[in-house]
Amino acid sequence: MSTTRRIVVDTDTGIDDAHTLLYLAGRADAEIVAVTSVYGNCEEEDAARNIGYVTGLLGLDVPVFRGAGKPLESAPHIAGYVHGLDGLGDRGYHRPQPRDGGEPAAEALVRLARERPGELDLLALGPLTNLALALRIDPELFTRYRSVVLMGGSGPYPPPGTHLTVDANVNNDPAAARAVFSAPRGELVMVGVNVTSVTLLQEHAIAALRAAGTPRARLASEILDSYLDFYQHHWGRRIIPLHDPLAAGVLLDPGLVTAYAVGPVNVVRHGPQARAHLMRTADGLPPAFRYEPAPPTKVITAVDSARFVADFVEVLTRP
Ligand SMILES: [Ca+2]
């Protein structure tokens, strides 16, 4: 049996999404079957252009299906101050529209899974709008994927006193996230900011990317500047979290996961911000309030960050 994971990537192609496509393309055990675009880090049109730009640089002939331009129930909030207005750090790249796959992203997500049941993995790296729209067409959609792995959510409730990080993917479209976390599934894996924001590409790793000179490493480091400008205000250092790449790493190598919990995930509001939490405290207990029942999600609570970051740098700097 082949150990290659055949992956459909749903992406709001900003900087860490581009890093993820570069990483997947460099892994011998991954095949990108199709890519669907969604607004989020940038406008949907820019996400599609960025998918075309990155796959073109890699020489990949992958169908691209255009997806949602806004959340289910509200206007999009585009974080141009994080990823640049164009999603790739405003480097002025020539980014023609990729050839259109010929059907909307939601329909493509359904068709691909029905054509190859149990064979494909779905990796969701943006707001969950396309997935929610696909679930309206086929409520059993997730059961047709080998697994669904998403970058999003915030893990269990954190220990009291912990700084709360908001995850843009859930916060951008809480209604879509609600639909996703309540849908029937085979395996749904949540790789949330509780683990991605502590999986850091530090100064020496960024220097290694800049020094490598390979096309993959060059693009990966060129687009970092606006991201570093933003994140330096978090830690006082020019380092970044590998949000989306870690989700790809967990999909390809579940051995990276050193701890996880399984249970219902609800989308909850803290003031203006929405978060997806496992309905468990940091001690593994149910929360003190009533919550909605939901099918079990595998919620990652710890990973071997050092091993993942080393692999990420190795793959991107390989000649
Ligand atoms: Ca993303």
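**From a buried glycine to the calcium site**

Gly192 is located in the loop that connects strand E6 with helix H8 (193–196). The model in which this residue is seen is a predicted one. Gly192 counts as buried because its relative accessibility is 0%, and buried means under 20%. Leaving aside residues up to four places away in sequence, Gly192 touches Met151, Gly152 and Gly153. Gly192 and Asp244 are separated by 52 residues in sequence, yet their C-alpha atoms are 9.5 Å apart in space.

Asp244 leads to the calcium ion, since this residue is one of its protein donors. The others are Asp12, Asp17 and Leu125; Asp17 is listed with two OD entries, whereas Leu125 contributes its O atom. These donors lie 2.3 to 2.5 Å from the ion. Along the sequence, the donor residues follow the spacing D-x4-D-x107-L-x118-D. Are Asp12 and Asp17 buried or exposed? Asp12 has a relative accessible area of 1% and is therefore buried; Asp17, at 0% relative accessibility, also counts as buried.

Asp17 also appears among the buried residues of helix H1. This helix comprises residues 15–26, and its 12 residues should span 16 Å at 1.5 Å a residue. The C-alpha atoms at its ends are 17 Å apart, which agrees with that expectation. Helix H1 is mostly covered, as 11 of its 12 residues are buried; including Ile15, His19 and Tyr23.

Helix H1 packs against helix H13 (residues 305–317). Two packed helices are described by the angle between their axes and the distance between the axes. Here the angle is about 75° and the axes are 9 Å apart, so H1 and H13 are roughly perpendicular to each other. On the side of H1, the contact is made by His19, Leu22, Tyr23 and Gly26. On the side of H13, Phe308, Asp311, Phe312, Val315 and Leu316 take part.

Strand E6, with which the account began, belongs to an open sheet of 8 strands. Their order is E3-E2-E1-E4-E5-E6-E12-E9, and the pairing is mixed. Strand E3 (64–65) and strand E9 (257–263) form the edges, each pairing on one side only. Within the sheet, strand E5 (residues 147–151) runs parallel to strand E6 (residues 188–191), and 4 bridges join them. Val149 stands opposite Val189 in E6. Helix H2 (residues 44–58) packs on the sheet, where it touches strand E1 (5–11), strand E2 (30–37) and E3. The direction of H2 makes about 155° with that of E2.

How values were computed
Residues numbered from 1 in each chain as written. Predicted model: local features only at pLDDT ≥ 70, side-chain atom pairs only at ≥ 80, totals over all residues. Heavy atoms only, no water. Donors = N, O, S within 2.8 Å, 3.2 Å for Na, K, Ca; no water. Buried < 20%, exposed > 50% of the residue type's maximum accessible area, 1.4 Å probe, protein only. Helix = DSSP H or I, 4+ residues; strand = E, 2+ residues; numbered from the N terminus. Expected span 1.5 Å × (residues − 1). Pairing = 2+ DSSP bridges. Contact = heavy atoms within 4.5 Å. Axes fitted to C-alpha atoms, helices over the stretch in contact; angles between N-to-C directions. Parallel < 35°, antiparallel > 145°, perpendicular 65-115°, else oblique.
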